[in-house]
Every structure is written in C-alpha cells, then in structure tokens.
Amino acid sequence: MDKGMFVDTSICTGCKACQVACKEWNGLEAEPEYFKKGPGAPYPVAFNFTGNSYDNTARLGARDWRHVIFIEQINSRRANSRWLFMSDSCKHCSDAACLNVCPVEAIERTDLGNVIVRQDKCVGTKLCNKACPYGVVKYNEKTRTSHKCTLCNDRIHNGMGTACAKACPTGSIQFGDVPDLKARADARLSKLRATGEAKANIYGYSEAGGLKVFYLLMDNPAIYGLPDKPVIPQRRRFSFLGGKLAAMLAGAAVIIGFRERGINKSGDRARED
Ligand code: SF4
Ligand code: SF4
C-alpha cells in the first residue's frame, strides 16, 4: 500500500517543529550560506533574515528538505490580516518528473510509493533539479549529488511514520496509507466548506499523476506557489532514444561530474540550486 502524507494547512501554526524534526532525523547540516563571521566576531552567526517575513529559510534546499511557507496577507489599509502557512516538501509524485529525466536511473520509487535519490548512483547532472515542477530537488556542491526529502525512507520501511508528522503538534501533517488520508482530507474539506471557507480546496489528487503528499489549502494553489498544471517531462523521452544513447548520456554526465569536481578543487566554488 502506498504511503503518503496529508498536509492540512488550515491547522498549521507555522511553528516549524516539522522543519527541525526533518533536519534532526536526517542529520542535515545548517545551510552554510546562511552564516557569516562578522568583523571581530569569534564565530559565524546566522544572518539569513528575509527582510519581509518572519520566515528565515525561505525555500527548500539540498539541506532543507522541508520548508514552512509563510504567506502574510495584509490588505492595503492594513486593517485586516491573515497568515497562511504550508509545510512544504517533496510531493512524491505518481508521475515524477525527477525520476523520468534521470539518465542514470539514480532516482527510484520504492515499494511504498515514495521517490528517493540513490546517492550511490547520482552523478550530479542536475537534470532532476530543472525538471521538478515544484523546485524540490537540489544539488549539493559538497557531495556533488542531488538531494531531497525521502519520505523518511528508513523510518517508513521500519514501521514508523515520518519525523515531521510525528513532531507536528497540531496534526497538520498526517502520515499513513494514501486512500485513508484522502478520506480524512475529504471529510475535513466538507467541514471547512460548511463553515464558510469557500476557497478551501485540495491540491494533489490529479496533479503529476496524483501526489502522495497532498494539501488542503485555504486559498488558490497559486497563492502558495503551486502550479495549476505542473508540466511533467515523460520517461519515454529517454526510452525511445534507445539504450545506446542513454548510456552515452550517462557517460557524458559522469565526465561532466569529474570535470566539475576538478574545477571546484581549483577553487571555483559551484553554487547550490
Ligand atoms: S516533487 Fe519534484 S522531486 Fe518530488 S517526486 Fe515530484 S518531481 Fe520528484
Ligand atoms: S506543519 Fe505542524 S509542525 Fe510544521 S509548522 Fe505547521 S503546525 Fe508546526
């Protein structure tokens, strides 16, 4: 049975406990570009203030596999305000663009339906970074490979739920079997609509072949930065080229990977994303 998550944004408080739990369980280091050593300071301090939000990580990254989006809606007269939050991550798409475009088949779907990047197979072409319609998977200049949320692959294959769902104090992130989660989401949507939340909607039932991680939103998907019609490059693009050409592409990717390593050793630091 496919596993997934239902993210009910109507009860998210933006506490970011999910982000912290993700970092902790997966051993993800702090984003180096967020820290700087000021003049005379003995150690680097965080300086990643966005300047327009209380959000301080701003986006998903190779070391930030989860990001709680803050949407601060304040009307022009500053008389009314509403904050929307959405805990964002990989959606584990049924038709996964990242998996479709990988020339060396380093991105795999497990028996539980989650999509993972095999670090031992990734050669760092970054094709998946460009293909993902949600801007999820990112290149790490230190490992020279791409990274993203695994749906806590190690935990779920040992009978546990995801770390973020476990840590969420409000139940905004729920882990389980996808059909059960959909039943819960439908019931919650009906309840919200009955209380006058006309814009409440569910995102992810049909997009990208159906998302294993889907969302109950309180406003239009575009407000949360989610595309109405995500564009998914198809796997057949590679299969019709035939095995030979695919192998050549893989070889070229390896050479590019080696060349980039060489360049970076000489001090020209590659940029993440
Ligand atoms: S959200 Fe992006 S990275 Fe995640 S499975 Fe879908 S295409 Fe791949
Ligand atoms: S999803 Fe849960 S843990 Fe994450 S910010 Fe929202 S309330 Fe906090």
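Start by selecting ligand 2, whose shell, made up of residues with a C-beta atom, placed from the backbone, within 6 Å of the ligand, holds nine nonpolar, five polar and one charged residues. In this classification Ala, Val, Leu, Ile, Met, Phe, Trp, Tyr, Cys and Pro count as nonpolar, Asp, Glu, Lys and Arg as charged, and the others, Gly among them, as polar. The model is predicted, with local features needing pLDDT of at least 70 and side-chain atom pairs counting only at pLDDT 80 or more, while totals for chains, interfaces and linings use all residues. Residues are numbered from 1 along each chain as its sequence is written, and chains are lettered from A and ligands numbered from 1 in the order in which they are written.

Of the 15 residues around ligand 2, display C12, C15, C18, S87 and C168, which come nearest. The elements that give two or more residues to this shell are α1 (17-26) and β5 (81-88); helices (H or I, at least four residues) and strands (E, at least two) are DSSP runs, numbered from the N terminus.

Next, select α1, where C18, Q19, A21 and C22 are buried, a term that requires 20 or more other C-beta atoms within 10 Å of a residue's own, whereas 12 or fewer make it exposed and anything in between partly exposed. These four lie on the same side of α1, because they cover an arc of only 165 degrees around the axis, taken from the directions from the helix axis to the C-beta atoms. Their cover includes β4 (67-74), β5, α5 (163-167) and β10 (173-177). Just after α1 comes G27, with a positive phi near 60 degrees.

From there, move to C164, which touches C18, A21, C22, R66, S87 and I173, leaving aside residues up to four places away in sequence; a contact means C-beta atoms within 7 Å. C164 is also among the residues that touch the most other members of the largest nonpolar core, along with C98, C102, I107 and C128. That core has 56 residues, and its largest share, five residues, comes from strand β12 (residues 213-217). Such a core is a set of buried Ala, Val, Leu, Ile, Met, Phe, Trp, Tyr and Cys residues joined through C-beta atoms within 7 Å.

Now turn to ligand 1, where C90, C93, C98, C132 and V136 come nearest among 14 surrounding residues. By class, the shell around ligand 1 has 11 nonpolar, one polar and two charged residues.

Finish at R188 in helix α6 (residues 178-194), which counts as partly exposed because it has 18 C-beta neighbours inside 10 Å. R188 touches D8 and L216, again leaving aside residues up to four places away in sequence. R188 and D8 are 180 residues apart in sequence, yet 8.5 Å apart in space, C-alpha to C-alpha.

Conventions. Two residues are in contact if their C-beta atoms, placed from the backbone, lie within 7 Å.
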